[in-house]
Amino acid sequence: MLIQSRQNPLIKKLAKLASDGRARRSEGLLLAEGIHLVRDAIACGAGVEQVVHTPQVEQNPEAEEILQEAQACGIETIPVTKECYQRFSALKSPEGIAAIIAFTPVKPEILFEPPVRLVILSGIQDPGNAGAVLRTAEAVGASGAIFCSGVDPTHPAFVRAAMGASFRLKSAIDEVNELTHRCRQHGVRLLVSTLEGETSYLKA
């Protein structure tokens with residue numbers, strides 16, 4: 001059934017997930033927008049709970065295929081009007097499809113099972129920059145990610161900038177002091193990146 005009211009409880013929930021980090025952490029959910037992100041989330045089993053879409057996307061063969069795949073996986077697909085979708089969309093030109101996804105960080109110690117090649121995001125405030133770091137880390141073979149402070153890993157802008165890497169890489173949340181202790185305990189070297197650095201990580 002098509003949702004037409006902007007006051008519908010689901011639309012309110014989506015607007016809250018899009019704008020409120022505390023709500024996302026409390027619910028253990030995040031919101032991913034766009035054809036490619038929704039497709040990647042379903043394909044890698046990222047815990048998609050619902051897919052919300054406008055009727056217009058059904059005219060797009062790629063989006064229609066995603067909806068069929070979601071339904072085949074037992075994921076509920078919910079049509080909403082364009083006006084309802086715009087209430088929670090963070091995009092200037094939304095594609096009209098989004099997924100509600102469970103955010104389930106793992107325990108930090110799990111990421112220290114060999115092979116260990118972690119990217120640690122500490123103090124990065126801009127979600128776009130953090131997302132770019134994560135997708136680059138995945139491209140060079142990172143085995144997981146640990147968030148110590150700074151960016152919220154459920155932030156919609158971070159999820160977009162990571163381009164699916166946040167679904168594919170296991171992630172954990174930890175304190176810097178605890179993380180340093182874990183690295184020493186497991187014999188893992190810490191390499192720190194800086195704009196002033198001259199040595200490639202490949203040569204470190």
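**Exercise 1. Sort the lining of the second largest pocket by residue class, then find where that lining comes from.**

Let's start with the classes. The lining of the second largest pocket breaks down into 14 nonpolar, four polar and two charged residues. Keep in mind that this is a predicted model.

Next, the elements. Strand S4 (97-102), S6, H8 and strand S7 (170-173) are the ones that give two or more residues to this lining. H8 makes the largest contribution, with three residues.

Now zoom in on the middle. Of the 20 lining residues, Thr104, Ser166, Phe167, Leu169 and Ser171 lie nearest the centre of the second largest pocket. Its volume comes out at about 310 Å³.

**Exercise 2. Do the same for the largest pocket, beginning with its volume.**

The largest pocket has about 1300 Å³ of volume. It is lined by 32 residues, and the closest to its centre are Leu118, Val119, Leu191, Val192 and Ser193.

Strand S5 (118-124), H6 and H9 each give two or more residues to that lining. S5 has the largest share, at six residues.

By class, you get 21 nonpolar, nine polar and two charged residues around the largest pocket.

**Exercise 3. Find out how many cavities of 30 Å³ or more the structure holds, and describe the largest.**

There is one cavity of 30 Å³ or more. The largest cavity encloses about 40 Å³ of space.

Walk around its wall and you meet Ala18, Leu31, Ala32, Glu33, Ala90, Pro156 and Arg160. Five of these lining residues are nonpolar, none is polar and two are charged.

Strand S1 (29-33) and H7 each supply at least two of them, and S1 has the largest share, with three residues.

**Exercise 4. Take the salt bridge between Arg25 and Asp152: what does it link, and is each partner buried or exposed?**

First, the distance: the two side chains meet at 3.2 Å, N to O. That fits the 4 Å limit for a salt bridge.

Second, the places. Arg25 sits in helix H2 (residues 21-27), while Asp152 is in the loop between strand S6 (144-150) and helix H7 (156-162), so this pair links distant parts of the chain, 127 residues apart.

Third, the accessibility. Arg25 is exposed, because its relative accessible area is 52% and the cut-off for exposed is over 50%. Asp152 counts as buried because its value is 14%, and buried means under 20%.

**Exercise 5. Trace the salt bridge of Arg168 and Glu138 into its network.**

Arg168 and Glu138 pair at 2.6 Å, N to O. Arg168 lies in helix H8 (residues 165-168) and Glu138 in helix H6 (residues 127-139), so the bridge ties together parts 30 residues apart in sequence.

Both partners count as partly exposed: Arg168 because of its 40% relative accessibility, and Glu138 because of its 25%.

Now follow the shared partners. Salt bridges join Arg39, Asp40, Glu62, Glu138 and Arg168 into one network. Across the whole structure, the search finds nine salt bridges.

**Exercise 6. Name the members of the nonpolar surface patch and place Tyr201.**

The patch is made of Val140, Leu191, Tyr201 and Leu202, which together have about 410 Å² of accessible area. Tyr201 is in the segment after helix H9 (176-185). It counts as partly exposed because its relative accessibility is 45%.

Terms used
Residues numbered from 1 in each chain as written. Predicted model: local features only at pLDDT ≥ 70, side-chain atom pairs only at ≥ 80, totals over all residues. Heavy atoms only, no water. Patch = residues over 30% accessible without salt bridge, like charges linked within 9 Å, V, L, I, M, F, W, Y side chains within 5 Å. Areas by Shrake-Rupley, 256 points an atom, 1.4 Å probe, with all protein chains shown as cover. Helix = DSSP H or I, 4+ residues; strand = E, 2+ residues; numbered from the N terminus. Buried < 20%, exposed > 50% of the residue type's maximum accessible area, 1.4 Å probe, protein only. 1 Å grid on protein atoms, 1.4 Å probe; cavity = no way out; pocket = protein on both sides within 12 Å on 5 of 7 lines; lining within 4 Å. Points joined across faces, edges and corners; volume = space filled by probe spheres on them. Nonpolar A, V, L, I, M, F, W, Y, C, P; charged D, E, K, R; others polar.
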